[in-house]
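Reader: Can you walk me through this one? I'd like to start with the overall picture and then get to the charged pairs.

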Amino acid sequence: ATELDSNDLQFTSGNGSAQTGGAWSTSALSTANSFQVTFSFSLRNPTSGGTMADGIAFAFQNQGTNALGTGGGYLGFANLGAVGSVVQTWSNNRAGLVTTGDPYSAKAAPANLGTAQLVLGTETVTYNAATQSLAMAGTLNVDGTLYDISDAANVNLASTLGSTAYFGFTGADFTGQADQRITSFGMSPVPLPAAAWLMLSGLGGLGVIARKRKAA
């Protein structure tokens with residue numbers, strides 16, 4: 001991933017080559033605590049036609065700050081044993097929570113995202129440690145039409161990932177037809193001491209290690 005001058009965090013650039021990228025918190029958080037994450041993203045097809053690939057994911061994982069899963073339709077999310085949310089484009093068209101580590105297990109998206117020119121989204125993902133539940137309130141603006149992608153699932157992060165987990169984002173593009181970005185981020189309560197954060201102002205102070213985009 002690359003932090004742009006606009007302070008967006010870009011995972012794939014749509015330059016015609018297959019890419020996979022990720023960015024993770026610099027320190028792990030306790031899975032015994034409840035928390036809420038809010039972020040916005042932009043998925044743009046830089047061409048005048050074709051199908052936009054392949055999507056992005058928000059994830060909790062215990063593989064560390066160098067983790068990067070399988071690319072293409074697996075979004076850099078698969079094979080991390082991760083829990084989170086995904087937005088798949090191309091012909092897969094899925095948008096929702098994932099508790100199995102497999103992005104293809106998410107529910108179907110409410111519109112054809114692959115044929116869109118611009119998809120703008122916001123998500124608020126909330127984990128309740130007491131009830132062991134994950135909830136997502138989210139919307140997608142698909143070429144000007146707004147859709148609700150709210151979702152809910154039961155998952156025990158402590159038993160699934162262990163006592164701590166890293167959080168962050170991944171994105172992948174197998175065909176080189178997507179500019180994929182995280183445009184804002186916030187988390188409460190802030191789970192890390194101030195010294196553990198890299199201050200990226202455009203991401204609301206997200207402390208991340210941005211793994212360079214990897215061409216397939």
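Author: What follows is a short tour of a predicted model.

Reader: What does the secondary structure of the chain come to?

Author: One helix and 15 strands.

Reader: And how much of the chain counts as buried?

Author: Of its 216 residues, 51% count as buried. The chain exposes about 8300 Å². Carbon and sulfur atoms supply 50% of that area.

Reader: Contacts next. Of those between residues at least 6 apart in sequence, how many join residues at least 24 apart?

Author: 67% of them.

Reader: OK, the core. Which residues touch the most other members of the largest nonpolar core?

Author: F39 and F58. That core has 41 residues. Strand β5, residues 35-44, gives the most to it, with five residues.

Reader: What does F58 touch, leaving out residues up to four places away in sequence?

Author: Several phenylalanines, including F39, F77, F167, F169 and F185. V37, V83 and V125 are also among its contacts. So are G84, S85 and G168.

Reader: What other core lies apart from it?

Author: One of eleven residues. A67, L75, A82 and V98 are among them.

Reader: Any general reason to expect cores like that?

Author: In soluble globular proteins, nonpolar side chains tend to be buried together.

Reader: Switching to strands. How many residues of β3 are buried?

Author: Seven of the seven, residues 19-25. So β3 is largely enclosed by the rest of the structure.

Reader: Which strand do bridges join it to, and is the pair parallel or antiparallel?

Author: Six bridges join β3 to β13, residues 164-173, and the two run antiparallel. To pick one position, T20 has A172 of β13 as its bridge partner.

Reader: Now the charges. How many salt bridges does the structure hold?

Author: Three. One is between the side chains of D8 and R181, at 3.3 Å, N to O. D8 sits in the loop between β1 and β2, while R181 is in strand β14, so this pair ties together parts 173 residues apart in sequence.

Reader: Is D8 buried or exposed?

Author: D8 is buried, because its relative accessible area is 13% and the cut-off for buried is under 20%. R181, at 22%, counts as partly exposed.

Reader: What does D179 form a salt bridge with?

Author: R44, for one, where the closest N and O atoms are 3.3 Å apart. D179 lies in β14 and R44 in β5, so that pair ties together parts 135 residues apart in sequence. D179 also forms a salt bridge with R181, with the closest N and O atoms 2.8 Å apart.

Reader: How do D179 and R44 count by relative accessibility?

Author: D179 is buried at 5%. R44 is partly exposed at 35%.

Reader: Which residues are linked in the network of salt bridges?

Author: D8, R44, D179 and R181. D179 pairs with R44 and with R181, and R181 pairs with D8.

Reader: And the general idea behind such pairs?

Author: Side chains of opposite charge can pair when their charged atoms come close.

Notes
Residues numbered from 1 in each chain as written. Predicted model: local features only at pLDDT ≥ 70, side-chain atom pairs only at ≥ 80, totals over all residues. Heavy atoms only, no water. Core = buried A, V, L, I, M, F, W, Y, C linked by side-chain atoms within 4.5 Å. Buried < 20%, exposed > 50% of the residue type's maximum accessible area, 1.4 Å probe, protein only. Helix = DSSP H or I, 4+ residues; strand = E, 2+ residues; numbered from the N terminus. Contact = heavy atoms within 4.5 Å. Areas by Shrake-Rupley, 256 points an atom, 1.4 Å probe, with all protein chains shown as cover. Pairing = 2+ DSSP bridges. Salt bridge = Lys/Arg side-chain N within 4 Å of Asp/Glu carboxyl O.
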